[in-house]
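Biologist: I'm new to reading structures, and I learn best from one small piece at a time. Could you take a close look at a single strand with me, and then work outwards to its surroundings?

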Amino acid sequence: MGEITLVEAITQALAFELQADQRVVVFGEDVGVNGGVFRATEGLQDRFGSARVLDTPLAETMIAGIAIGMAAQGLRPVAEFQFMGFIYPALDHILSHAGRYRNRTRGRLSCPIVYRAPYGGGIHAPEHHSESTEALFAHIPGLRLVVPSSPARAYGLLLAAIRNPDPVVFLEPKRIYRAARQEVPDSGDALPLDRAFVLREGTDVTLISWGASLKETLQAAEQLAEEGIEAEVIDPATLKPLDIHTVIDSLEKTHRCVVIHEAARFCGLGAEVVAQINEYAFDLLHAPVQRVTGYDTVMPYFQLEDEYLPGAPRILAAVRKALDYANGGAV
Amino acid sequence: MHKPRMQLLASFDIASLEYLDERGHTTQALPDFATPDTLVAFYRQMALARLVDDRAVKMQRTGQLGTYPSSLGQEAIGVGVGAAMAKEDVYCPNYRETGALLERGVTIQEIYAIWGGDERGQNFRHAREDLPLSVPIATQMLHGAGVAFALKYKHEQLGEPMRVAVTTGGDGSTSRGDFYEAINLAGDWQLPLVVVINNNQWAISLPRSEQTACKTLAQKAIAAGIPSLQVDGNDVIAVREAVGDAVERARRGAGPSMVEAVSYRLCDHTTADDASRYQPEQALKEAWSREPLRRLRSYMQAHGFWGDSQEEEMQRELNQALEKAVQEYRDTPRDAATAIFDHLYETLPEAFLEQYQQLRGEN
């Protein structure tokens, strides 16, 4: 098999698990005959039949709700929401039931569900098609929240999510669905759901980002390298539970940190990262942790989306601020 | 003015079913299952549900229980639904069907534990596959549709015997999208799902007449393309017959259906409510004349298989069982504080260990 894109890695993981586990069912709007609007389920209905890869009527609350009943009966439902902007009717079920079923029944019933949704901006889509509201899900107890950023991680993390005994919200950065190709062996090997990935090693500053923003983050790191500044780049990938240890290990070397995400700043996950660094690694810091985020505005229509999204120049400016603070600061 | 000519494409009707009128007189020949033994068992279970509810309200009033939703007046619905299901079927309840829970083998202590603020009550000892009580309105109907999908899937793909999911909700639940989405999908996918609407005439303070322009709630199923009917929800024989028929239809693969059981909420919405603020006194008085226990007792007495002595003996036995359950509920020690983490995930992620240890007083 040649190199594949992130979205093809999603398909490959779904196919592997449909083949391996009779309990797995895949459903959502247009996921069957049409293979999904982004083709994430391309060919799966042909291969596994319409009893296991199902087109649903157009109703997101229903998609979220039936997954709970299926899971309570021991199936492994993988539900697709067409865009994150349309997931909000499903929140009631994800928050009020999926995240609570195991606890509410004291372990009698559980919800091994994967709720998938393409997310994030940058593809010049209509309103409601460019959301990145992952913080809403990170706040819900009982869930796991995963955002892959490469074909290999998409494959391994999705397999882990499907096999996980608890509900996982799996957000796929659609801007990089086809941005890069990578060899991804169809080994069936899952990746851990509680471990951050160090994408680039460095000693001068730690850059933390996830999803599509990693593209600009890595670009910024390359540019810094030309100036002799070595940035370490961390992709938490699993945003909940968050692997803060990898971040702390990095801060032992760099003492400076910038968190980058597309989502709005206020109560964005950057705030949680900063808070945990304060709690566990305050003494390591030589400068306040900087945040580069989407603005606290509504996600704009696409003509202005590039202004909204954090690009390399804003990341570089934040890095310089972190570095300059040390130069002229108290340390 | 010119009136355009149009073709009639479809027409519908809604039937209503009743066997016992409010005086306990039969309005038609009873179904085969309605033997004296079965009717006594129904009566007994309805009487128990009433006692369980009554004691729950009293315990709430004296600080021994949290907020409680009584099913006073609607006992025939719960018992009829529960009796219509096979043990291996799956019940997906709302929060107001004491009779159905008892029929399913949920214990009185478990019911009291739930409303006494203890999740362990939802860990049903007997009805292991039944869903927990659902407090958000109508959400359980979608879970029921998912259960029904799984049961059909396991039958068709894995060769298991066909089982049926039964879900209940109140009249208020039929205003929610979840209700429509559940019955629409059930029809579309021909799921083995039975939806029973307990039309007790009140969504807290909003009367049935102000909830919808529909003449019946049963007709809402027409929009989903699934069969439905209305039954006298105070007639346990009618409820058992209609729901039993729906369950058997689903079991033989003929798809979902809906039953609207018309009754009346003879109590407050919950113990936190005061229905006298909105419920007309006269309507309540009239509703008491139609309540389900008295009419069945009248029938049983008129047909010579029930009398005062049986009634006294039954009440004594039920009260004994109730007292035992109340005592067990009171004697149950509080759950360990760490239980709030123990079942959050199958394995608690390391990221939450610090909070867990804090709760245990370890740091």
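Modeller: Happily! Two strands pair if DSSP finds at least two bridges between them. Strands (E, at least two residues) and helices (H or I, at least four) are DSSP runs, numbered from the N terminus. Residues are numbered from 1 along each chain as its sequence is written, chains are lettered from A and ligands numbered from 1 in the order in which they are written. This is a predicted model, in which local features need pLDDT of at least 70 and side-chain atom pairs count only at pLDDT 80 or more, while totals for chains, interfaces and linings use all residues.

Let's look at strand E4 of chain A, residues 76-80. Strand E2 (residues 24-28) of chain A runs parallel to E4(A), and five bridges join them. Here you can find Val24(A) opposite Arg76(A). E4(A) also pairs with strand E5 (residues 114-119) of chain A, again in the parallel sense, over three bridges. In that pairing, Ala79(A) has Tyr115(A) as its bridge partner.

Now, how covered is this strand? Five of the five residues of E4(A) are buried (a residue is buried if 20 or more other C-beta atoms, placed from the backbone, lie within 10 Å of its own, exposed if 12 or fewer, and partly exposed in between). Turn the strand and you will see that both faces are covered: Arg76(A), Val78(A) and Glu80(A) are buried on one side, and Pro77(A) and Ala79(A) on the other.

Step across to E5(A), where Tyr119(A) lies. Tyr119(A) is buried, since 28 other C-beta atoms lie within 10 Å. Leaving out residues up to four places away in sequence, Tyr119(A) touches Met84(A), Glu131(A), Ser132(A), Leu171(A), Glu172(A), Pro173(A) and Lys174(A); being in contact means that two C-beta atoms, placed from the backbone, lie within 7 Å. The C-alpha atom of Tyr119(A) is separated by 9.3 Å from that of Ala212(A), although they are 93 residues apart along the chain.

Let's zoom out to the domains, whose bounds come from an automatic or database domain assignment. In chain A, the assignment gives domain 1 (3-183) and domain 2 (197-328). Their C-alpha centres lie 27 Å apart. The contact between them takes 26 residues from domain 1 of chain A and 23 residues from domain 2 of chain A. On the domain 1 side, helix H6 (134-138), strand E6 (144-146) and helix H7 (151-163) of chain A each supply at least two residues. That side has twelve nonpolar, eight polar and six charged residues. (Ala, Val, Leu, Ile, Met, Phe, Trp, Tyr, Cys and Pro count as nonpolar, Asp, Glu, Lys and Arg as charged, and the others, Gly among them, as polar.)

Chain A also touches chain B, and this contact takes 35 residues from chain A and 38 residues from chain B. On the chain A side, helix H3 (60-72), helix H4 (91-98) and helix H5 (101-104) each supply at least two residues. H3(A) gives the most, with nine residues. By class, the chain A side divides into 15 nonpolar, 13 polar and seven charged residues.

Across that contact, chain B has twelve helices and eight strands. Six strands of chain B form an open sheet in the order E1-E7-E8-E4-E3-E2, with parallel pairing. Its edge strands are E1 (16-17) and E2 (90-92) of chain B, each pairing on one side only.

Strand E7 (residues 228-232) of chain B pairs with E1(B) in the parallel sense over two bridges. In this pairing Leu17(B) stands opposite Val231(B), while Ser16(B) has Gln230(B) as its bridge partner. E7(B) pairs with strand E8 (residues 257-262) of chain B too, parallel and over five bridges, and there Gln230(B) stands opposite Glu260(B).

E7(B) is largely enclosed by the rest of the structure, because five of its five residues are buried. Ser228(B), Gln230(B) and Asp232(B) point one way from E7(B), Leu229(B) and Val231(B) point the other way, and all are buried. Try comparing that picture with the one for E4(A), where both faces are covered as well.
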